[in-house]
Amino acid sequence: MPSQESGFPLLKIESLVKTFGTFTAVDGISFTVKQGQCFGLLGPNGAGKTTTIEMMEGITAATSGHIFYKGREIDRTFLQEVGIQFQHTALQDFLTVKDNLDFFSALYHKPADIKHLIERCALTEVLHRDTSKLSGGQRQRLLLAIALINSPEIVFLDEPTTGLDPQSRRNFWDLVRELKAEGKTILLTTHYMDEAQALCDEIAIMDHGHIIAMGSPKQLLQKHFNMKVVRIPLQEIRLTPGITSTRQDGEWLEIHTEKLDQALESLIHEGVSLNQMEIRNPDLEDLFIELTGKQLRH
Amino acid sequence: MKAFLALLKARNLEFLRDRSALTWNVLFPLLLIMSFAVIFSNDTKLSYKVGVLGSLENLSQNLRETKYLDFVSFDEKEIAIKKVSQHQIDMLLELGEKPHYWINSTSPNGYILERVLKGSGEQQFEKSEVTGKEIRYIDWALPGILAMNIMFSCLFGVGYVIVRYRKNGFLKRLKATPLSAYQFLVAQLVSRLLLIMSITVIVYIGCDIFIDFHMIGSYVLLFFTAILGSICMISLGLLSASRIRSEELAGGILNLATWPMMILSGVWFSLEGAPDVIKLMAQALPLTHFVDATRAIMTEGAGIAEIAPELITLSIMSLIFLLIGSLIFRWN
């Protein structure tokens, strides 16, 4: 993972608030995205992630608060410099991949080299295909190419892999990693914790319009968990010494322990079969449940 | 400018590749006009129309009792003579000290009436001949149908498309680009103007091949009027679609705008004898002015001075629609 400490603050969010009538979607959040970093905004559906990103894109006006890009409060000129991929983007009907790239390219002062974009987003084969006939993965790659069409320094990706099959998701992650390697700054929203863990240098976990935890995935996990997760098929067990807590996860029982040796010993002592046992490190999913008491998986 | 041209190109491509819509846009008006031409080609007359300047009382008993003659009274000589030239009446009589009659030299009915008049033993009438092609219903209705087609294409073509863009989020995507609302709206206007003018020219030529219709005015003026009328209709379409998100609501509003115009703007029948309230309402509809201007050019050969009020009204309406439309426009 590239060092996340090196970059200077590229995007700075200060006390951002958005209310819709009496409902507060975003409640005074602040964070900083450093240059070259992949910053993840995590949270369940309805946490306020998209509203936050839309305020930065100028789609929604903030109720209060400030957004600074390179030290200046953003206005519509910021749109020349930012690359944007929406969660749901409709394109015009009856246009091919190439038509769309040409179209969006013409809207910017400093368009990227389209040929290069086509290769990097693997669009060569579908270049002259009507966009309505693209697969989910191809469509996402086209939308990423559109987001990169103005050679942006910073790219907003709003839930880019929602609805993709696992293979397409992995491919998309590879593309994002390439962008990072090129030094682009990325702001990513997702409700997939594995995605955040795979891609992000720093994350902010949102719930009900607040940021409830922020830091690098590693830091966060260290801070909140000094333990292992032991998974065994679902059964009744006693809370013996070494076992901190247990939690049911579908057909499995997850045992949280800070003293693995002791926990395993006592499980054997209790006569629990360990044939199907798995041991893993806690992940962001566990962290989220720990922080919010809510399951995040969909 | 680059962005504007790109918008224009993308929208035109989208329209041209939508084969079903394209076919419909060209074929519908052609079929409509053709079927009208066929339906109204057999209007056999059962009587002869004779116009009389002044009161019908002055007519001789003999003439009045002639079977199959319908007499219509006219106050203004100029209008009545025009009706003769357009075959709307077969003969015009002026009674009094210097009796006079007018017939159209190209009208068989006029010839027969002349013989009737001479054979009726009336006093000596002085003869005047006028010329002019007959204005059939199709000649009268065709300018209106062309204008109405422009209205439908502009209102639904622009209004519906923008509401669809807004509903599916394409407008929101555009808002996240440096594009301004003004650039977007003007590109939509110009794109539709190019398309509708091309289609109208094709439809016009198509009609010209199959029907021999009336066009005695200036083609340049007709083209100019069609551009102005189209701009007005597109502006109204942009205004109707400036805020709506649902296609169903848009459909309702567009129908609400088009139906009164289709009925009250004098496309199908003249409003001359209509109640004043209806006439006043018709004046508020842009299609009325559009139809009046094109009809005046095509059937009467009107010049720019004669249709200036209509052209000015259309321009003012366009400005108002565009101004309000861009002020209340929303992307999402």
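This is a short conversation about a predicted model, its helices, its sheet and its chain contacts.

Visitor: Why are α6(B) and α12(B) called oblique to each other?
Guide: Their axes cross at roughly 140 degrees. Roughly antiparallel needs an angle over 145, and roughly perpendicular runs from 65 to 115. The crossing fits neither range, so α6(B) and α12(B) count as oblique.

Visitor: Where do these helices lie in the chain, and within what distance do the axes come?
Guide: Helix α6 covers residues 137-168 of chain B, and helix α12 covers residues 286-300 of chain B. The axes come within 9 Å.

Visitor: Is the crossing of α6(B) and α12(B) left-handed or right-handed?
Guide: α6(B) passes α12(B) in a right-handed crossing.

Visitor: Which residues meet where α6(B) touches α12(B)?
Guide: From α6(B) they include Trp140(B), Pro143(B), Leu146(B) and Met151(B). From α12(B) they include Leu287(B), Phe290(B), Val291(B) and Met298(B). By class, the contact has 10 nonpolar, 3 polar and 2 charged residues.

Visitor: What makes Asp139(B) and Arg295(B) part of that contact?
Guide: Both are listed among the residues that meet there, Asp139(B) in α6(B) and Arg295(B) in α12(B). The cut-off for a contact is C-beta atoms within 7 Å.

Visitor: How many residues of chain B are in contact with chain A?
Guide: 19 residues of chain B are in contact with 22 residues of chain A. On the chain B side, α1 (2-17) and α7 (170-175) each supply at least two residues. The largest share, 7 residues, comes from α1(B). That side divides into 8 nonpolar, 4 polar and 7 charged residues.

Visitor: What makes β6 and β10 of chain A edge strands?
Guide: Each pairs on one side only. They belong to an open sheet of 6 strands, in the order β6-β7-β8-β3-β9-β10 (chain A). The pairing in this sheet is mixed. Its neighbouring strands are turned by 15 degrees against each other on average, direction ignored.

Visitor: How do you know that β3 and β9 of chain A pair?
Guide: Pairing needs at least two bridges. β3 (residues 38-42) and β9 (residues 202-207) of chain A have 4 bridges, so they count as paired. The sense is parallel. Within β9(A), Ala204(A) is the bridge partner of Leu41(A).

Visitor: What is the average pLDDT of chain A?
Guide: Chain A averages 87, and 96% of the residues score at least 70. Over residues 1-5 of chain A, the pLDDT is below 50. Beyond near neighbours in sequence, that stretch has 8 contacts in the model.

How values were computed: Residues numbered from 1 in each chain as written. Chains lettered and ligands numbered in written order. Predicted model: local features only at pLDDT ≥ 70, side-chain atom pairs only at ≥ 80, totals over all residues. Axes fitted to C-alpha atoms, helices over the stretch in contact; angles between N-to-C directions. Parallel < 35°, antiparallel > 145°, perpendicular 65-115°, else oblique. Left-handed = near helix turned anticlockwise from the far one by under 90°. Contact = placed C-beta atoms within 7 Å. Nonpolar A, V, L, I, M, F, W, Y, C, P; charged D, E, K, R; others polar. pLDDT = per-residue confidence, 0-100.
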